[in-house]
Structures are given as structure tokens and as C-alpha cells.
Amino acid sequence: MTDHSVDVLAIGPHPDDAELLCGGTLARCADQGYRTGILDLTRGETGTRGNPELRASEAAAAAEILGVSVRLNADLPDAGITNDRATREHIVGFLRALTPRVVILPFTRGRHPDHRLAAELCGDACFLSGLARFGSGSPHRPHKLLYAMAFREDPVKPTFVVDITEQFGRKMEAIQAFTSQFEGVQQAGEAFPTGQSLYDLIDVQSRHYGSLIRRGYGEPFYTDETVEIDDVAAMRVRSL
Ligand SMILES: [Zn+2]
């Protein structure tokens with residue numbers, strides 16, 4: 001692979017997951033001058049709508065809207081992701097080529113087994129990628145793993161929310177690029193139907209996450225580690 005180095009890499013089980021889970025954050029990172037990437041694990045070939053070729057061209061259009069520098073596909077079987085040694089080695093190859101500092105994964109629980117397994121598989125691969133004697137290529141271990149919590153209802157509070165108020169328009173545009181998947185639908189991934197269009201539903205949910213940090217729109221994330229605060233007097237989200 002040529003030089004595909006990125007600062008922030010989002011890994012999604014299916015094309016369009018990265019947009020739904022963290023499209024605003026990817027756009028914001030690009031705005032901040034970071035190189036961003038998306039690794040789609042499958043081509044979504046078991047999806048009932050569209051087809052893999054169409055989804056690939058939609059994915060390319062969405063990446064451009066979000067200012068994503070690199071978008072690759074790991075070609076794992078849709079609805080058949082497994083966390084075994086061969087698959088971990090395969091993912092390590094992408095991590096060593098992309099050398100991300102931050103990796104965004106789906107949350108560790110999910111309705112679709114591919115989402116849960118993607119979190120486990122890619123979390124393991126991020127560790128193994130740092131082992132000089134695992135697989136081929138130069139070792140690279142990402143510094144930070146973030147789990148995207150959008151649309152999850154687990155009794156776990158996000159560790160933090162990214163303000164995507166300025167990027168929300170581009171997030172929606174990127175999602176709308178997946179015409180074959182979302183046009184006229186009321187549900188996608190973890191977003192359960194409420195009778196509204198999917199686009200309205202994403203708007204409502206993103207406003208809710210934004211409200212958690214007193215902003216217009218937000219995307220929620222979980223980290224295993226505790227977040228450090230430098231200046232308690234400057235903490236922004238008000239209590240009262
Ligand atoms: Zn998915």
C-alpha cells in the first residue's frame with residue numbers, strides 16, 4: 001500500500017456506519033487539520049437495499065463530503081465477521097499501513113453481531129499491531145481507542161461528547177449520499193424507528209447528544225480510560 005497515514009481512523013462494519021456513528025467528528029477533525037480515514041470492514045453485501053458497487057460509489061462520495069483522506073475496505077464477509085488470528089492479522093495490515101493515532105470503533109455492544117465483533121476484533125488488532133513479531137510489516141500501536149455510542153441505549157453514559165454543531169450539515173449530506181440505503185427509510189443500524197424519517201431521527205438524536213454538553217448537535221463516545229482535566233475552573237458544561 002502507498003502512504004495512507006492518517007491521524008484519526010474510523011472503523012465501521014458496514015459502509016455508512018462511520019457516517020452514522022462519527023461523521024461529524026471526522027469532519028471536525030478534518031477541519032482541525034488532521035488527516036482522517038475510514039476502514040469499512042465489509043461491502044454490506046447482505047443488505048436488502050442497493051448492491052456493493054452502488055454502495056462503494058456512495059461511500060466514496062460520502063468520504064469526500066467529510067474531507068476524509070483515505071477510505072479502504074477490508075473485504076470481510078458481511079454478517080460473518082469473526083475475531084480469529086487470520087482476521088486479526090488482516091486488520092493489523094491496515095493499521096500498519098494507516099498508522100492512526102486515534103481509532104474510532106463501534107460500541108462493544110450492538111444489535112448487529114458484526115458491530116459487537118468489529119469492536120472486539122479491531123480492539124484486539126490495535127494491540128497486536130504493536131507487537132514486532134506479530135504478522136508482517138513495521139509495528140504500530142494506536143495511542144487511543146474511542147467507542148462511538150450514537151443510538152445506543154445501554155445504561156452507560158458517554159465519557160464525552162464532541163460538539164458537531166458546525167459539521168452537522170456535512171454529516172447529514174454524507175449520510176444522504178447513501179441514497180440506496182436511506183432514501184425514504186425510517187430506520188438504520190441502531191436507530192430504531194419512531195415514525196419520523198431516518199434523517200429527522202438522526203437530527204433529533206444528534207440534538208439530544210448535543211444537549212448533554214449544552215450545544216446544538218453532538219456525537220457521544222465512550223473510553224475505558226478516565227478523561228483528564230487540566231483546569232477545573234475552566235470546565236464548560238454547567239451544572240445549574
Ligand atoms: Zn452496520
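**A tour starting from strand 1**

Select strand 1 and strand 2 (residues 36–42): the two run parallel and are joined by five bridges. This is a predicted model. To see one of the pairings, pick Val8, whose bridge partner in strand 2 is Thr36.

Now select strand 1 alone, residues 8–12; five of its five residues are buried. Val8, Ala10 and Gly12 point one way from the strand, while Leu9 and Ile11 point the other way.

Add helix 1 (residues 17–31). Together with strand 1 and strand 2, helix 1 makes a right-handed β-α-β unit.

Next, go to strand 4 (residues 102–106), which runs parallel to strand 1 and is joined to it by three bridges. Here Val8 stands opposite Val102. Strand 4 also pairs with strand 5 (residues 144–148), again in the parallel sense, over five bridges. Look for Pro106, which stands opposite Ala148 in strand 5.

Then show the whole sheet. It is open, has seven strands in the order 3-2-1-4-5-7-6, and its pairing is mixed. Strand 3 (70–76) and strand 6 (160–163) each have a single partner strand, so one side of each is left without a neighbour in the sheet. From one strand to the next, the twist averages 30 degrees.

Return to helix 1, which packs on the sheet and makes an angle of about 170 degrees with the direction of strand 1. Helix 3 (residues 85–98) also packs on the sheet, touching strand 1, strand 2 and strand 3.

Finish at Ala118. Among the contacts of Ala118 farther than four places away in sequence are Ile11, Leu41 and Pro106. Ala118 and Ile11 are among the residues that touch the most other members of the largest nonpolar core, which has 62 residues.

Methods
Residues numbered from 1 in each chain as written. Predicted model: local features only at pLDDT ≥ 70, side-chain atom pairs only at ≥ 80, totals over all residues. Buried ≥ 20, exposed ≤ 12 C-beta atoms within 10 Å, placed from the backbone. Helix = DSSP H or I, 4+ residues; strand = E, 2+ residues; numbered from the N terminus. Pairing = 2+ DSSP bridges. Right-handed = clockwise from strand over helix to strand, strands pointing away. Core = buried A, V, L, I, M, F, W, Y, C linked by C-beta atoms within 7 Å. Contact = placed C-beta atoms within 7 Å. Axes fitted to C-alpha atoms, helices over the stretch in contact; angles between N-to-C directions.
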